[in-house]
Amino acid sequence: MLHQAPKRTIETPTTLSKLLQNILIEPKQELKPLQNPLNQSALVQNDKPPQNQLNQLPFQGKYRYICDLLLSQTHSRSLFNGLQLHAQIIKSGLQAIPLVSHHLINFYSKTELPLFSLQVFEEAQQKSSTTWSSLISSLAQNALPGLAIEYFRRMLVDNIRPDDRIFPSATKACAILGRCDIGKSVHGFVIKTGLDFDVFVGSSTVDMYAKCGEIKDARKVFDQMPERNVVSWSGMIYGYAQLGEDEEALRLFKEALLEDLDVNDFTFSSVIRVCGNSTLLELGRQMHGLCFKTSYDSSSFVGSSLISLYSRCGVIEAASRVFDEVPIKNLGMWNAMLISSAQHAHTEKVFDLFEKMKIVRMRPNFITFLCLLYACSHAGLIDKGKFYFGLIKEYGIEPGAQHYASMVDLLGRAGKLQEALATIKGMPIEPTESVWGAFLTGCRLHGDSELAAFAADRIFELGPVSSGMNVLLSNAYAAAGRYEDAARARKMLRDHGVKKETGLSWIEEGNRVHTFAAGDRSHERTKEIHQKLGELEEDMERAGYVADTSFVLREVDSEEKRLTIRYHSERLAVAFGLIAFRDNRPIRVMKNLRICGDCHTAIKFMSQCSGRVIIVRDNNRFHRFENGKCSCDDYW
C-alpha cells in the first residue's frame, strides 16, 4: 500500500487569477498578429500571441495555434507573453481542453511557478493522465516533492493508471524526500503495470534507490535492465560514490565509457566527487580535461565538484579559477567555494563571496550559513560569528543542530566555555552528539577537565555514541592526567565492539597513493624515510625545535614518548614527499584525523629547514606551512 505523504497546507495562489484578470481588462501592450498562424518558425521569431487573429480561425486551427504558441513560450521561458496567452485562452474558452491544460502546466513548471501549475490543474474540468503527469512532474522538478507524492496518491484514488511518464516523476520525488519506503511502494506499482523493463522507468528507479542509499536494490534493478541509459549509469555511479565505495564507482564509469555511453554532467560530477573524496588529484585533472573536451566544464554541477576536488587536494588556486570560469553559478557552486575558502583560511574571501551572493540575488540556504560560521570559528571571529548566526532567521531559516554546534565550536575554541555551555542550555532543540563534541573539543584545548566531565555525563545520557566521541572523551581525560578515566572510556569502546579509528596519512605520487600509520615500517623506502626524519630533526633542533611530548597520551617514559611522536604518520608522509619530489612542487599530505600539536609545530620547522611548501589536510581544515609559518596562525 502506498503511504500517504506528510500533509502540507496548500494556499491556492490568487496572484495568477489577478494577473490574468488585469491582462484581460487592460492589456499592457498591443501584440502584432503573425503572418502564418501555423508556422512554428514565425512563432519563434515573433514570440508574442496576437489578440485579433484567434477569433478569425476555425476551432481546430485556433486549438493548434494556441498549443504551438504555448510550446514557443515554454521554450523561451517568456513569462509575460505566456500570461497574456493564458488570458487569451480563458477568453476564447479553450482552457477546458486537457491538452491545453497540459501545456499551461508545463509552461508554469518551466518558469519555476509550480503553484500556478497546481492552480491550472485544479481549475481543469477534465483531467487526463497527461494532465496528472504534467502536474506531478512540475511539483517534483520544482522542489515540492511532498506535493508530488500527494497528487500521485490522489491520482491512484481517482483510478487513473500511471504510465511511463508519471512513474519517473514519482520516484524522483521519493529520492528528493529520501523516502525509500514510499519509493518501494511506487516500484511495486511499476512491476504490477509491467513497466519495470521500460528504460526510463527503470533508470528513475535505479536513481531513486541509489540516492536513498539502498545500493543493493539499485544494483539489482540495474542488472536486470535489458537496456540502460545515462540516467541508470549515472545513478549507480552516484550511489557508490555517496557510500564511499570509490573503486566500484570508478570501475562502473570505466565500463560505461567502454560501452560508448554519452555521459552527462551529472555523471562527470559524481566521478569527480569520487576523485575528491579519495584525493586523487591526477585522475581528477584528467576528468577535468575530459569535461573540457566535451564542453561540460561550464556546467554548475561539474563546477561545484571540481571546486571540491581541487580544494580537497590542497590546490585552492585551481578551485578559484574553476569558480571564476563557470558563467552561470548555482547555489551548490557558491557553497562549495565558501567552504573551500574557509578550510584554506581565506576568511576574508568567504565574507566577500557572501556579499557577492547578495549582489547577484543568490539566496543562501542552511549550508551557506554553516560555511560562514565555520570560517568564523577557525579564525576566532566571535562577533562576526554571532552576527551571521543572528542573520539565519532573517532568511527564513530555522537554526539546526549543526548551526548550534558551529557556534559552540566558535566559543569553545576561543576559550569562552561558559558562554558555549549557556548556548547549549538555551537551545530550543535537544543538543546532539555534534554539539557536545564541539564543546568537548573546546574543553580539551583549554584543559578544563571538570567541564569535560560534565559534558561526558550529558553524552552518556544520549545513549550509544560514535567511536570518535568515546575517543574524544578518552583523550580529554588523558590530557588532564586522569588515565583511569581515559582507560574506562576506551573500555566502553571495547565493550561495544568498536575499534578506535587508526590515524593515517597519505600522499599521492603519480598514479600511486602511499599510506602511512604511526611508527609504520612497512613502506619499501622505510630506511630512507627514517634517515630523512633523523636529518630533519637535527636541523630542526638547531633552529629551536623542542618536542612537546604532552601529546603522547600514554603512560610511558619521556624517551619513548619522544620516539613515538617522531614517527607520527604525517611526519613519515612529509619525509617521503621530500625524498620523492626533488623539485620545488608543494608537498601535499592528507590525514584522516586532527593533526597533533607537536606535529603542527614540527612541520613548521620542516618547512623552514627544507625551504619547501608543505600542505597538510586533516579532518578539520588545511594547513599551508611555508617559511616556518602556518596559514592557520596556530589557531585551529
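This report describes annotated repeats and aromatic contacts in one protein structure.

The structure is a predicted model, in which local features need pLDDT of at least 70, side-chain atom pairs count only at pLDDT 80 or more, and totals for chains, interfaces and linings use all residues. Residues are numbered from 1 along each chain as its sequence is written, and side-chain values use heavy atoms, with hydrogens and water left out.

An unreviewed UniProt entry lists "repeat: PPR" at residues 128-162, 198-232 and 365-399; such annotations may be inferred rather than shown by experiment. Two of these segments are described below, with helices (H or I, at least four residues) and strands (E, at least two) taken as DSSP runs numbered from the N terminus.

| Segment | Helix | Strand | Distance between end C-alpha atoms |
|---|---|---|---|
| Residues 128-162 | 74% | 0% | 11 Å |
| Residues 198-232 | 74% | 0% | 12 Å |

The whole structure holds 20 aromatic pairs, in which ring centres of Phe, Tyr and Trp (its six-membered ring) lie within 6.5 Å; planes under 30 degrees apart count as stacked, over 60 as edge-to-face and the rest as tilted. Phe-323 and Trp-334 form an edge-to-face pair, 5.1 Å centre to centre with 80 degrees between the planes. This pair joins helix 18 (residues 316-325), which holds Phe-323, to helix 19 (residues 331-343), which holds Trp-334. Phe-323 is buried (under 20% relative accessible area; exposed is over 50%, partly exposed in between, with a 1.4 Å probe and protein chains only), at 6%, and Trp-334 is buried at 7%.

Elsewhere, ring pairs connect Phe-351, Phe-354, Phe-369, Phe-387, Tyr-388 and Tyr-395 into a cluster.

Charges also sit over rings (NZ of Lys or CZ of Arg within 6 Å of the ring centre and within 35 degrees of the ring normal). Lys-329 lies over the face of Phe-323, 5.0 Å from the ring centre, and Arg-458 lies over that of Phe-454, at 4.7 Å.
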